[in-house]
Amino acid sequence: MAFDEFITHALQARQAAGLQRRLRRIDGAQDTWVCIDGRRVLLLCSNNYLGLANDPAVCEAAQKAAVDYGVGAGASRLISGSMRLHHALEDELAAFKGTEAALLFNSGYHANIGAITALVGKEDAVFSDELNHASVIDGCRLSGAHIRVYRHHDVDGLAELLATTAARRKLVVTESIFSMDGDTAPLSAMCAVAERHGALVMVDEAHATGVVGPQGRGVVAAEGLQDRVAVQMGTLGKALGAFGAFVAARRAVIDLLINTARSFIYTTALPPPVVAAASAALTIACTDGERRERLQENAAALHAGLQTMGLQVAARPAHILPVLIGESDRTMQVSERLLAESVFVQGIRPPTVPPGTARLRVTAMSTHTPEDLRYALTAFRRVFTEAA
Ligand SMILES: Cc1ncc(COP(=O)(O)O)c(C=O)c1O
């Protein structure tokens, strides 16, 4: 009874606050157009930025791996043997990120909680951007380290916190491209500040890997910071279209993770088809620069169109384009209206974003055609003119 009441109240409270979440069933792959309730709608909210999630070569690699290696990894890699495929992808990822080694994790969530808890503990301090992803926040909390949150991108604020915090070890954690804002952290300045205070820097490149920098190596590589960022985390389920994640770092850091990162040790390894798909996708992402160019062009076109309508968008275009609405209810209403116009854009509400900053999270894909973008912008114009 106690639980029944709790569950009912928890759901009612969410609904009353306009924060209830529900799963939206779609048919088909994460393509530019998907089917919802039997209707074709333009997909404008997927992280499948480069269109690799259903790329024929990537799917074929997964199929072949299923035949050659089976569909399951059998156990944790420390228990039933560590498959050749996993090691090969780790070597590719280390080369891609310019580090000595890399280690696969089952998701970005696992990678962040595993790496942070392995690096800091009770006597340490972790410095985290206020807009960092939930997986970073949870990693910080799980570590037991003293958590110091600095204002978004505020390097001076970070410096002050570093200077006034006494701790055995200090770890600075930030995303490079922020998942809900699409903006980029001032990594070089942050590294300089961290170095002055003997702190280590960890960068979550979930939304930059495959998309930004030379051959899609990320912001760290684009800014030549490989030797100054101790831990580079990236995901395989967004631009690389597959699933899973990795940490790239010095060999000693990776050895530490193999020995102490609980989210690596105590879970069954990534399935072989997923690993093979990620490897094929990585090859395409590295070699097919045209996809990145098209993604940038599409992002710029969407940004320009949304800006022209007077909507509250970021100053600069990026593949993640938040359209700030403010209130949660209104955000979801606009999202529904867009869906009625056959454009699927997800509304993002607290606690994913701070209260009062609910938004539409528009994402561009390299596979969107100019007609797709025109279609999307026409729908936006209609919905926002109507709502004005
Ligand atoms: C910045 C950031 N880090 C980590 C994650 C978690 O990655 P994954 O979806 O692979 O668990 C996400 C994705 O939601 C993210 O946006």
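The radius of gyration used here is taken over C-alpha atoms, and the rule for a globule is 2.2 Å times the number of residues to the power 0.38. Keep that in mind as we start with the whole chain, which is a predicted model. For 388 residues, a compact globule would come out near 21 Å, and the chain has 21 Å, so the two agree. Along the principal axes, the C-alpha atoms fill a box of roughly 55 × 55 × 55 Å.

What is the chain built from? There are 14 helices and 13 strands. As for how it packs, 51% of the 388 residues count as buried. Take the contacts with a separation of 6 or more: residues 24 or more positions apart account for 69% of them.

Now go to the ligand. It has 14 residues around it, and the closest are Ser107, Gly108, His133, Ser179 and Ala206. Sorted by class, this shell holds 9 polar, 3 nonpolar and 2 charged residues. Which element gives the most to the shell? That's helix 4 (residues 108-119), with 3 residues.

Ala206 turns up again if you look at Gly234, a residue of strand 8 (residues 231-235). Leaving out residues up to four places away in sequence, Gly234 touches Ala206 along with Glu205, Thr209, Gly218, Ala245, Phe246 and Ala248. Is Gly234 buried or exposed? A residue is buried if 20 or more other C-beta atoms lie within 10 Å of its own; Gly234 has 31 within that distance, so it counts as buried. For a sense of distance, try Thr352: it sits 118 residues from Gly234 along the chain, and their C-alpha atoms are separated by 20 Å.

Last stop, helix 13 (residues 328-340). At 1.5 Å a residue, its 13 residues should span 18 Å, and the end C-alpha atoms are 19 Å apart, which agrees. Which of its residues are buried? They are Ser328, Thr331, Met332, Val334, Ser335, Leu338 and Leu339. Look down the axis of helix 13 and these buried residues fall within an arc of 160 degrees, so they line one face of the helix. The spacing fits a simple rule: an α-helix has 3.6 residues a turn, so residues three or four places apart point the same way. On the face turned away from the buried side of helix 13, you'll find the exposed residues Glu336 and Ala340. Keep going just past the end of helix 13 and you reach Ser342, which takes a positive phi of about 65 degrees.

Conventions
Residues numbered from 1 in each chain as written. Predicted model: local features only at pLDDT ≥ 70, side-chain atom pairs only at ≥ 80, totals over all residues. Near = placed C-beta within 6 Å. Helix = DSSP H or I, 4+ residues; strand = E, 2+ residues; numbered from the N terminus. Nonpolar A, V, L, I, M, F, W, Y, C, P; charged D, E, K, R; others polar. Buried ≥ 20, exposed ≤ 12 C-beta atoms within 10 Å, placed from the backbone. Contact = placed C-beta atoms within 7 Å. Expected span 1.5 Å × (residues − 1). Arc of directions from axis to C-beta.
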